[in-house]
Amino acid sequence: MLPQLAHRQRAVCPRCGHTLLTYRRNDAEITLAYAISGLIFLSLSLPFNFLTFRTSGQQHHINLPEGLAVLVDNNYLSLAIITGLATLILPGMVLTGIAGMSLGRFINHPKPYFKHVHHWVNLLIPWSMAEIFLVGTLVSLIKITSLAEVTVGLSFYAFIAFTLCMTLCLVYYDDHRMALWVYHGDVPASPPLDEQTASKSIQRTWALIFTACLLYIPANTLPIMHTQLFGKDEPSTIIGGIISLWESGSYPVALVILVASVIVPVVKIGILLWLNYSVQYGVNNSQLTRIRYYRFTEGIGRWSMIDVFVVAVLVSLIQLGGTIAVFPGPAALAFCAVVFITMIAAMTFDSRLIWHSRKQLNE
C-alpha cells in the first residue's frame, strides 16, 4: 500500500530500504524540459569541432561523427559501434522516449504504445553512457597534454551540456510513477518465482561470471592500445597506463583509472560469485547486506568503460601519419566484453532468491 506523498517525499520498502516511489512537484514538466534540452544539445554536439590535436607543426581535428569514422577507417568497426551506441544513439533514444512519455503525462493523454516505450527506455538506460564517455574524454586530455597541444571546440561544450541535461532528466524521471500512469495503476506483476526459474537464473549467472573471469586475463595482460611515435611502437596495458599516469604526477587520474578499470571489475565479479553461491546453497542470513551489495554491482559496473572510451578518443584524435598515431590493442574489446558480461550477469541474477531460498520454493 503506497501512501499519498508530499513534495520531495519518497516511499521506501520497510524490508530492504528500496525506493518504491518518489514525488516531486511538476516532475513531468521538469523531466520533459530536461529531455528536450538534452536532445537539442546532443544535436549541437555533432556538427562542430570537438577536439583539436597539434604537434610538430601538424594538427588533426575531429567532430564526434568524424571520430567514429576514423575508427571505422582503421578497421575498428566494433569499437566504433560500441562508442556510437553507448554515447550518442542510445542516450538519444532514451531522451526521446522519456520526452514522449512526459509530454503525454503532462497533457494526460496516454497512448497504448507508451507501454513498449516505457519498457525499452528502462532497458536502455544502463547502456547509455554519455557521462562515462565525458569522463573518459577528460582523462584522455590529461594523458596527452604532455605530448601536444589539445584544444576543445564548441561541440565539446555542447556535449557537456547534453550530459548534464540527461543526468538531471534521469534524476527527475521516476520509472515506477511513470509505470503507474502508463498502465493505469495496474502494473504487470513479475513472472512467478519457482524452482525452474531459480535454476535457470543461477546457471546463466555462473556461465556469465566464468566467461568474464576468462576474458579478464587477456584484458589485463594484452596491450589495450599502441602508440606509434616516429615509427616506434609502444604498447600499453591497463596497469602500464596507470603506472605512467602516476609517474607523470597525474595522481587523481591514475586513481580513477585504477578504481574503474581494475578494482571495480574484480569487486563486481567477487560480489556476483558470493551472491550466486549464497542463493544456490540456500544461505538465509545477511539478506539486507546481500541486497545492498547487489544494488552496488548494478550501479557501479558500467563505469569501468572509462578506459575503453579513453582508447576510442585517443585513436580518433591522434592520427598524424608517421609522426604520432594511436591504435587500439586486443585488450580493448576483451575488457569491453568483461564490462558488458558482468552487467548482463547482474541483470540475469534474480535478486528475489536473496529473500526466498530454493528450499522454500521446493516446499
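## Exercises on a predicted model

Ring pairs join F50, F133, F156, Y157, F159, F162 and F309 into a cluster. Keep in mind that this is a predicted model. Let's work through some exercises with it.

**Exercise 1. Classify two aromatic pairs, F156 with Y157 and Y294 with F349.**

*Solution.* Start with the general idea: a pair of aromatic rings is described by the distance of the centres and the angle of the planes.

- Step 1: The count for the model comes to 16 aromatic pairs. In one of them, F156 and Y157 have their ring centres 6.1 Å apart, with 85° between the planes. Planes over 60 degrees apart count as edge-to-face, so F156 and Y157 form an edge-to-face pair.
- Step 2: Now take Y294 and F349, whose ring centres are 5.5 Å apart and whose planes stand at 45°. An angle that is neither under 30 degrees nor over 60 counts as tilted, so this pair is tilted.
- Step 3: Find the two partners along the chain. Y294 belongs to helix α11 (residues 287-300), while F349 sits in the loop between α13 (330-348) and α14 (358-362). They are 55 residues apart, and the pair links distant parts of the chain.

**Exercise 2. Decide whether F156, Y294 and F349 are buried or exposed.**

*Solution.* The cut-off you need is this: buried means under 20% relative accessible area.

- Step 1: F156 has a relative accessibility of 5%, so F156 counts as buried.
- Step 2: Y294 has 6%, so Y294 counts as buried.
- Step 3: F349 has 3%, so F349 counts as buried too.

**Exercise 3. Locate N108 and H184, and say what their phi values have in common.**

*Solution.*

- Step 1: N108 lies in the loop between α3 (77-106) and α4 (114-124). H184 lies in the loop between α7 (175-182) and α8 (195-221).
- Step 2: Look at the backbone. Phi of N108 is near 55°, which is positive although the residue is not glycine. For H184, phi is also near 55°, again a positive value in a residue other than glycine.
- Step 3: Check the accessibility. Exposed means over 50%. N108 has a relative accessible area of 55%, so N108 is exposed; H184 has 62%, so H184 is exposed.

**Exercise 4. Work out which strands stand at the edges of the open sheet.**

*Solution.* Remember that strands of a sheet pair through backbone hydrogen bonds, either parallel or antiparallel.

- Step 1: Write down the order. The three strands run β4-β3-β5, with antiparallel pairing.
- Step 2: Count partners. β4 (58-62) and β5 (149-152) each have a single partner strand, so they stand at the edges and one side of each has no neighbour in the sheet.
- Step 3: Add the twist. On average, neighbouring strands of this sheet are turned by 15° against each other, direction ignored.
- Step 4: Zoom in on one pairing. Five bridges join β3 (residues 51-55) to β4, and R54 has Q59 in β4 as its bridge partner.

**Exercise 5. Explain why C336 is not bonded to C213.**

*Solution.*

- Step 1: Begin with the total, which is zero disulfides.
- Step 2: Take C165, whose nearest cysteine sulfur is that of C169, 8.9 Å away. A disulfide needs sulfur atoms within 2.5 Å, so C165 is in no disulfide.
- Step 3: For C336, the closest cysteine sulfur is in C213, 17 Å away, which is too far for a bond.
- Step 4: Finish with accessibility. C165, at 10%, counts as buried, and C336, at 1%, counts as buried.

Terms used. Residues are numbered from 1 along each chain as its sequence is written. This is a predicted model: local features need pLDDT of at least 70, side-chain atom pairs count only at pLDDT 80 or more; totals for chains, interfaces and linings use all residues. Side-chain values use heavy atoms; hydrogens and water are left out. Helices (H or I, at least four residues) and strands (E, at least two) are DSSP runs, numbered from the N terminus. Buried means under 20% relative accessible area, exposed over 50%, partly exposed in between (1.4 Å probe, protein chains only). Rings of Phe, Tyr and Trp (its six-membered ring) pair if their centres lie within 6.5 Å; planes under 30 degrees apart count as stacked, over 60 as edge-to-face and the rest as tilted. Two strands pair if DSSP finds at least two bridges between them. Axes are lines fitted to C-alpha atoms, for helices over the stretch in contact, and angles run from 0 to 180 degrees between N-to-C directions.
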